[in-house]
Amino acid sequence: SSDCESLSVGELLALEPGADEDFRKHWLGYTESLGSPSLRKEISKIYSTISPEEILVFSGAEEGIFLFVLAALKEGDHLIVHWPCYQSLFEVAKGIGVDVTLWKARDENSWALDLDELKGLVKPETRAIIVNTPHNPTGFLMPRSDFDTLNRFVQERGLILFCDEVYRELEYDPENRLPSACDVNPTAISLGVMSKTYGLAGLRIGWIASHRSELLQQIASLKDYTTICNS
């Protein structure tokens, strides 16, 4: 299983006094395509530099991945992807004609990524790098020094770092928790979801956080052609 044991609706509502009655009164019309303002405000509290306006909400992390790829990449671009990984992190890009190179984490190296190897993977057409930490399926947590080096690397080369952080907050020791990429890198995009750490996969609430306002606007425009808004 890739996620925590899920809660029932009753267990979830029991966490907040009065939530059961409020839930029964909840209006079932359309909400904002970007995500309801109250939800975006709560999500932004996970980060240290991100405002609610820099959050986009999706129907799970999958939609966020899909629309990021469509907005940020095009046929002929080159993408580097941390491997092994969640399939859509590379398949969506391949499906639109992007040249994908796998940046392989290896068992003999305790699943750590080789930053020196990354330098040789970059091409003139490279547009973005996708990483996942804490890592699915190995559980590897990138050291802070490597994380900082990676963020400097992409900024120096004008690349986008898409950081899949859906397992963040599951670290055994909170002292080892990495900051979100979007909090240390103004060009990075962080991906989050309620499915994994929170055990609420059925809510279908995922999001991306970033300071890249123009790219967020492009992604938001595409969402009008997928789910429009969340439940």
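In which sense does α4 pass α5, right-handed or left-handed? The crossing is right-handed. One caution before I go on: this is a predicted model.

Let me stay with that helix pair. α4 covers residues 60–72, and α5 covers residues 88–95. Their axes come within 9 Å. They cross at roughly 35°. Now the side chains. From α4 we have E62, I65, F66 and V69. Facing them from α5 are S88, L89, V92 and A93. By class, that contact holds 6 nonpolar residues, 1 polar and 1 charged.

Look at α5 on its own. S88, L89, F90, V92 and A93 are buried there. What do the buried residues of α5 pack against? The list is α4, β2, β3, β4 and β5. After the helix comes G97, and its phi is positive, near 90°.

On to the sheet. It is open, with 7 strands and mixed pairing. Read across, the order is β1-β7-β6-β5-β4-β2-β3. β1 and β3 are the edge strands, each pairing on one side only. β3 runs over residues 99–104. On average, neighbouring strands are turned by 20° against each other, direction ignored.

Two helices to place against this sheet. α4 packs on it and touches β1, β4, β5, β6 and β7. The direction of α4 makes about 155° with that of β6. Then α3, residues 37–44, lies across β1 and β7. α3 runs at about 115° to β1.

Now zoom in on β7, residues 206–210. Which strands flank it? On one side of the order sits β1, on the other β6. β1, residues 55–58, pairs with β7 in the antiparallel sense over 4 bridges. One bridge to point at: V57 partners W207. β6, residues 189–193, is also antiparallel to β7, over 5 bridges. There, V193 partners G206.

Why call β7 largely enclosed by the rest of the structure? Because 5 of its 5 residues are buried. Both faces are covered. G206, I208 and S210 are buried on one side, W207 and A209 on the other.

That brings me to the cores. As a general point, nonpolar side chains in soluble globular proteins tend to be buried together. Here, the largest nonpolar core has 31 residues. Which of them touch the most other members? They are F68, L73, L79, F162, I208 and I219. Each of these elements supplies at least two residues: β1, α4, β2, α5, β4, β5, β6 and α9. α4 gives the most, with 6 residues.

Take L79 as one example. Leaving out residues up to four places away in sequence, L79 touches L73, L89, A93, V98, D99, V100, T101, A128, I129 and I130. Two of those names came up earlier: L89 and A93 also meet α4.

There is a second, separate core too. That one has 22 residues, including M142, L150, L159 and A181.

So what should you keep on screen? Start with α4: it crosses α5 in a right-handed sense, packs on the sheet, and gives the most to the largest core. Then find β7, antiparallel to β1 and to β6, with both faces covered.

How values were computed. Residues are numbered from 1 along each chain as its sequence is written. This is a predicted model: local features need pLDDT of at least 70, side-chain atom pairs count only at pLDDT 80 or more; totals for chains, interfaces and linings use all residues. Side-chain values use heavy atoms; hydrogens and water are left out. Axes are lines fitted to C-alpha atoms, for helices over the stretch in contact, and angles run from 0 to 180 degrees between N-to-C directions. A crossing is left-handed if the near helix is turned anticlockwise from the far one by less than a right angle, and right-handed if clockwise. Contact means heavy atoms within 4.5 Å. Ala, Val, Leu, Ile, Met, Phe, Trp, Tyr, Cys and Pro count as nonpolar, Asp, Glu, Lys and Arg as charged, and the others, Gly among them, as polar. Buried means under 20% relative accessible area, exposed over 50%, partly exposed in between (1.4 Å probe, protein chains only). Two strands pair if DSSP finds at least two bridges between them. A nonpolar core is a set of buried Ala, Val, Leu, Ile, Met, Phe, Trp, Tyr and Cys residues joined through side-chain atoms within 4.5 Å.
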